[in-house]
Amino acid sequence: MIRAAVKGVGHYLPDRVVPNSEFEAIVETSDEWIRSRSGIERRHFAAEGQLTSDLAARAARAALADAGMDADRVDAIIVATSTPDLTFPSVATMVQAELGITKGFAFDVQAVCAGFVYALANANALIAAGQANCILVIGAETFSRLMNWKDRSTCVLFGDGAGAVVLEATEGAGTPSDRGILSTDLNSDGRYKDILYVDGGTSTGTTGHLVMEGKEVFRHAIEKLAQTAHTALDKAGLTPDDVDWIVPHQANIRIIEGTAKRMQVPMDRVVVTVQDHGNTSAASIPLALSVGKARGQIKPGDLIVTEAIGGGLAWGAVVLRW
């Protein structure tokens, strides 16, 4: 059977590094307060005039270089983002143009922090159906543009960045030992819109700012992330004991630890980057995959579970063999 296998991974972070101490001048907070509640120590902010498509294109180039591929091998691009440059066209088509690709198709996916998981699931389905052979899947965000700088409970949590993977059709035997995406699980429940949202948008006439009920999001996150990960593993015929690495959405160290505990996977088998990047929404998982590979944690043949939850609520998981 055809599997969608990862051939390369890469990321890009803006130059500006913002330590926790920088927030002490604008809101009532401290480095200790932020670290103890989130695990975050620093994050990156995009420069003035630096757009989501700029970050996405740089991450895409890094992933292609890691794969040893030229851009002309790519026949589709999917970008997961909630912070596009423009209402339209899509960030994906802008990346397509930047890479000099004139064939195939490109589109964006919006599922907030779960966006990259949704994008991976879509890319996997397109490759399995024969609609594309090589797909760039990118998560890219400039969440600093959505912050309310008077809300200390949210403005300290988010950062900007981009990560990308190159997926290519590969023949597999149809067993859990195949390389590539083995299973996906996607979920949403619109009843929980009011616990995590942006209070603006095109039809309201304003950009808006991020609003979050942190305790409610935390409560849903651990339960739903563990559930979707178990479901995805069940679909693949695997168990948590088979997992080499959990690569979770990097929102909050407490959520990461709580989900790992629910799955009975020790933290030394979890890739953690939240301390350096903060919550980069749809970019956080591909960023963590890229950093995990660069650190020497993720190796060929490793079984990886990646899971995320975001506004919607939308959540999901992907099981893949590296």
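At what angle do helix 6 and helix 7 pack, and how far apart are their axes?

## Helix 6 against helix 7

This is a predicted model, so everything below is read from a prediction. Helix 6, covering residues 214–236, packs on helix 7, residues 253–263, at about 45 degrees, and the two axes are 9 Å apart. That angle makes helix 6 oblique to helix 7. As for handedness, the crossing of these two helices is right-handed.

Who touches whom? On the helix 6 side the list is Phe-218, Ala-221, Ile-222, Glu-223, Leu-225, Ala-226, Ala-229, His-230 and Leu-233, and these meet Arg-254, Ile-255, Gly-258, Thr-259, Arg-262 and Met-263 of helix 7. Sorted by class, the contact has nine nonpolar residues, three polar ones and three charged ones.

## The five-stranded sheet

Now for the sheets. One of them is an open sheet of five strands, ordered 1-7-6-4-5, and its pairing is mixed. Strand 1 (2–12) and strand 5 (105–109) sit at the edges; each has a single partner strand, so one side of each goes without a neighbour in the sheet. From one strand to the next, the twist averages 20 degrees.

Strand 4 (residues 76–80) pairs with strand 5 in the parallel sense, over five bridges. Two of the bridge partners are easy to pick out: Ala-76 goes with Phe-105 of strand 5, and Ile-77 goes with Ala-106 of strand 5.

Helices pack here too. Helix 3 (residues 91–98) lies across strand 4, strand 5 and strand 6 (134–142), and runs at about 140 degrees to strand 5. Helix 9 (residues 284–295) also packs on the sheet, where it touches strand 1, strand 6 and strand 7 (160–171), with its direction at about 85 degrees to that of strand 1.

## A closer look at strand 4

Is strand 4 mostly covered or mostly open? Mostly covered: five of its five residues are buried. In a regular strand, side chains alternate between the two faces of the sheet. Here, Ala-76, Ile-78 and Ala-80 point one way, while Ile-77 and Val-79 point the other way, and all are buried.

## The four-stranded sheet

Another open sheet has four strands in the order 8-13-12-11, again with mixed pairing. Its edges are strand 8 (180–188) and strand 11 (245–246), each with a single partner strand, so one side of each is left without a neighbour in the sheet.

Strand 12 (residues 303–310) and strand 13 (residues 314–321) pair in the antiparallel sense, with eight bridges between them. Within that pairing, Ile-304 has Leu-320 of strand 13 as its bridge partner. Helix 4 (residues 115–128) packs on this sheet and touches strand 8, strand 12 and strand 13; its direction makes about 125 degrees with that of strand 8.

## Arg-269 in its loop

Finally, a single residue. Arg-269 is found in the loop between helix 7 and helix 8 (274–277). Is Arg-269 buried, partly exposed or exposed? Its relative accessible area is 22%, so Arg-269 counts as partly exposed, given that buried means under 20%.

Setting aside neighbours within four places in sequence, Arg-269 is in contact with Pro-240, Asp-241, Val-243, Asp-244, Trp-245 and Ile-246. Strand 11 takes in residues 245–246, so Trp-245 and Ile-246 link Arg-269 by contact to an edge strand of the four-stranded sheet. Thr-207 is another matter: 62 residues along the chain from Arg-269, with 39 Å between the two C-alpha atoms.

Definitions and conventions:
Residues are numbered from 1 along each chain as its sequence is written. This is a predicted model: local features need pLDDT of at least 70, side-chain atom pairs count only at pLDDT 80 or more; totals for chains, interfaces and linings use all residues. Side-chain values use heavy atoms; hydrogens and water are left out. Axes are lines fitted to C-alpha atoms, for helices over the stretch in contact, and angles run from 0 to 180 degrees between N-to-C directions. Angles under 35 degrees count as roughly parallel, over 145 as roughly antiparallel, 65 to 115 as roughly perpendicular and the rest as oblique. A crossing is left-handed if the near helix is turned anticlockwise from the far one by less than a right angle, and right-handed if clockwise. Contact means heavy atoms within 4.5 Å. Ala, Val, Leu, Ile, Met, Phe, Trp, Tyr, Cys and Pro count as nonpolar, Asp, Glu, Lys and Arg as charged, and the others, Gly among them, as polar. Two strands pair if DSSP finds at least two bridges between them. Buried means under 20% relative accessible area, exposed over 50%, partly exposed in between (1.4 Å probe, protein chains only).
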